[in-house]
Amino acid sequence: MNAADNYYFETSQKELAAGILEQATLDLRRFHGATSGVEREFYLDAYRWVISDDCSWPYSFLNVCQLLDLIPETVREEVLVDMSVGALRYWIRRCGRAAARLKILFSSIFTTERAANAAEPVT
């Protein structure tokens with residue numbers, strides 16, 4: 001396997017792992033209050049996967065976290081808290097996180113621009 005093949009293999013693994021984690025998160029949120037048997041089973045499957053400490057299969061929760069360089073306890077806490085807070089509080093938290101990221105982004109942009117302007121000679 002050459003370097004390019006290795007890169008694509010690792011990238012594909014990480015994308016699959018991220019997709020599995022995202023689907024479990026969506027299932028926990030979507031089917032939290034489910035009443036039908038099928039929907040309840042989706043919820044229980046996702047819940048069991050998140051709380052499991054089994055790492056015997058490649059895409060177990062612990063292995064997914066390791067592959068994505070995430071701390072399992074932190075991910076568990078966020079996923080399980082997000083599903084229990086309800087839709088409105090969930091979106092308030094999401095918007096707060098997005099606002100914090102934007103603040104950091106704009107701060108770095110303006111800091112870089114200010115430093116570049118300070119380095120330009122005045123004519």
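Cys55 is partly exposed in this predicted model, with a relative accessible area of 48%. Cys65, by contrast, is buried, and its relative accessible area is 0%. A disulfide is a covalent bond between the sulfur atoms of two cysteines. The structure holds zero disulfides. Cys65 does appear among the contacts of Val75, a residue of the nonpolar core described below.

The overall architecture is simple to summarise. The chain contains five helices and zero strands, so that the pattern read along the sequence is α-α-α-α-α. Of the 123 residues in the chain, 21% are buried. When contacts between residues at least 6 apart in sequence are considered, 44% of them join residues at least 24 apart. The chain exposes about 9,000 Å², and carbon and sulfur atoms supply 60% of that area.

We may turn next to the interior. In soluble globular proteins, nonpolar side chains tend to be buried together. Here the largest nonpolar core has 16 residues, and those with the most contacts inside it are Leu21, Leu28, Trp49, Val50, Phe61, Val64 and Val75. Two or more residues of this core come from each of the helices α1 (3-30), α2 (37-51), α3 (61-67) and α4 (72-84). Val75 gives a helpful view of how these contacts are arranged: beyond residues up to four places away in sequence, Val75 touches Leu21, Phe61, Cys65 and Leu70. Of these partners, Phe61 is buried, with a relative accessible area of 1%, and Cys65 is buried at 0%.Aromatic rings add detail to this picture. A pair of aromatic rings is described by the distance of the centres and the angle of the planes. The count comes to three aromatic pairs. One of them joins Tyr43 and Tyr47, which are stacked, with 6.0 Å from centre to centre and 15° between the planes. Both tyrosines lie in helix α2, four residues apart, about one turn of the helix. Tyr43 counts as buried at 8% relative accessibility, whereas Tyr47 is partly exposed, with a relative accessible area of 30%. Another pair is formed by Trp49 and Phe61: the ring centres are 5.3 Å apart and the planes stand at 90°, so this pair is edge-to-face. Because Trp49 lies in helix α2 and Phe61 in helix α3, the pair ties together parts that are 12 residues apart in sequence. Trp49 counts as buried, at 13% relative accessibility, and Phe61 is buried at 1%. Trp49 and Phe61 are also among the residues with the most contacts inside the largest nonpolar core.

Charged side chains come next. Side chains of opposite charge can pair when their charged atoms come close. A search of the whole structure finds four salt bridges. Among them is the bridge between the side chains of Asp27 and Arg30, at 3.9 Å from N to O. These two residues are three apart in helix α1, and therefore about one helical turn separates Asp27 from Arg30. Their surroundings are unlike in accessibility: Asp27 is buried, with a relative accessible area of 11%, while Arg30 counts as exposed at 51%. Asp27 counts as buried because its value of 11% lies under the 20% limit. Leaving aside neighbours within four places in sequence, Asp27 is in contact with His32, Phe42, Tyr43 and Ala46. One of these contacts, Tyr43, is the buried member of the stacked tyrosine pair.

Where do Glu41, Asp45 and Arg48 meet? They are linked in a network of salt bridges. Within this network, the side chains of Glu41 and Arg48 meet at 3.7 Å from N to O, and those of Arg48 and Asp45 meet at 3.6 Å. Arg48 and Asp45 are three residues apart in helix α2, which means that about one helical turn separates them. The members of the network are partly exposed: Glu41 has a relative accessibility of 37%, Asp45 has 42% and Arg48 has 46%.

Terms used
Residues numbered from 1 in each chain as written. Predicted model: local features only at pLDDT ≥ 70, side-chain atom pairs only at ≥ 80, totals over all residues. Heavy atoms only, no water. Core = buried A, V, L, I, M, F, W, Y, C linked by side-chain atoms within 4.5 Å. Buried < 20%, exposed > 50% of the residue type's maximum accessible area, 1.4 Å probe, protein only. Contact = heavy atoms within 4.5 Å. Phe/Tyr/Trp six-rings, centres within 6.5 Å; stacked < 30°, edge-to-face > 60°. Disulfide = S-S within 2.5 Å. Areas by Shrake-Rupley, 256 points an atom, 1.4 Å probe, with all protein chains shown as cover.
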